[in-house]
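Student: Please take one part of this structure and look at it closely. I would like a single connected account, going from that part to what surrounds it.

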Amino acid sequence: MEIKIGIQHTARELSLESNLPAAYVEAAIAAALKDGGVLTLVDEKDRKVLVPAEKIAYIELGEPTGRRVGFGTI
């Protein structure tokens, strides 16, 4: 699953790939936003990503797409 997190007052978004189920990620996001705590996620390489909930601007969840190569369809 591809996760993109927008951080307030930061030009770049945080992007990570995770093997966690979508339901678990959504529950972790909801709990962090409700409690005002810290959102903790684990990426594919078992690295932890910690984001303070009050600094989250937006979150995008989706499946990773393959990179397109070439100049279009013929």
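**A loop, a helix and a sheet**

Tutor: The residue D46 is found in the loop that runs between β3 and β4. The model is a predicted one, and that applies to every value below. D46 has a positive phi of about 60° although it is not a glycine. Is D46 buried or exposed? Its relative accessibility is 67%, and the cut-off for exposed is over 50%, so D46 counts as exposed.

H9 can be set beside D46. It sits in the loop between β1 and β2 (14-17), and its phi is near 60°, again a positive value in a residue other than glycine. With a relative accessibility of 80%, H9 counts as exposed because that value is over 50%. The loop of H9 belongs to the hairpin of β1 and β2, which has 6 residues between its strands. A positive phi also turns up at G36, the residue that follows α1, where the angle is near 75°.

To place these loops, take the whole chain. It contains 1 helix and 5 strands, and from the N terminus on the elements run β-β-α-β-β-β. Of the 74 residues in the chain, 24% are buried. Among contacts between residues at least 6 apart in sequence, 50% join residues at least 24 apart.

Now the helix, which is the part to look at closely. α1 covers residues 22-35, 14 residues in all, and it reaches 20 Å from its first C-alpha to its last. That is close to the 20 Å expected at 1.5 Å a residue. Which residues of α1 are buried? They are V25, A28, I29 and A32. These four cover an arc of only 100° around the axis, which puts them on the same side of α1. On the other side of the helix, A23, K34 and D35 are exposed.

What lies over the buried residues of α1? The elements that cover them include β1 (2-7), β3 (38-42) and β5 (56-62). The helix lies across β1 and β5, and it runs at about 170° to β5. V25 shows the packing at the level of one residue: leaving out residues up to four places away in sequence, V25 touches M1, I3, L20, L41 and L61.

V25 also leads to the nonpolar core. In soluble globular proteins, nonpolar side chains tend to be buried together. Here the largest nonpolar core has 14 residues, and those with the most contacts inside it are I3, I5, V25, L39, L41, V51 and I56. At least two residues of this core come from each of β1, α1, β3 and β4 (48-52). The largest share, 4 residues, is supplied by α1.

The strands that α1 lies across, β1 and β5, are both part of a sheet. This open sheet has 3 strands in the order β2-β1-β5, with antiparallel pairing. β2 and β5 stand at the edges with a single partner strand each, so one side of each is left without a neighbour in the sheet. Neighbouring strands are turned by 15° against each other on average, direction ignored.

On one side of β1, the pairing with β2 is antiparallel over 4 bridges, and I3 stands opposite L16 in β2. I3 is thus met for a third time, after its contact with V25 and its place in the core. β1 and β5 pair in the antiparallel sense over 6 bridges, and the bridge partner of G6 in β5 is Y58.

Y58 makes a suitable last stop. It lies in strand β5, and its contacts, leaving aside neighbours within four places in sequence, are K4, I5, G6 and E13. Y58 and I5 are 53 residues apart along the chain, yet 5.9 Å separates their C-alpha atoms. With a relative accessible area of 36%, Y58 is partly exposed, because that value falls between the 20% and 50% cut-offs.

To put the helix back together: one side of α1 carries V25, A28, I29 and A32, which are buried, while A23, K34 and D35 are exposed on the other side. The cover over the buried residues includes β1, β3 and β5.

How values were computed: Residues are numbered from 1 along each chain as its sequence is written. This is a predicted model: local features need pLDDT of at least 70, side-chain atom pairs count only at pLDDT 80 or more; totals for chains, interfaces and linings use all residues. Side-chain values use heavy atoms; hydrogens and water are left out. The expected span of a helix is 1.5 Å times one less than its number of residues. Buried means under 20% relative accessible area, exposed over 50%, partly exposed in between (1.4 Å probe, protein chains only). The arc is that of the directions from the helix axis to the C-beta atoms. Contact means heavy atoms within 4.5 Å. A nonpolar core is a set of buried Ala, Val, Leu, Ile, Met, Phe, Trp, Tyr and Cys residues joined through side-chain atoms within 4.5 Å. Two strands pair if DSSP finds at least two bridges between them. Axes are lines fitted to C-alpha atoms, for helices over the stretch in contact, and angles run from 0 to 180 degrees between N-to-C directions.
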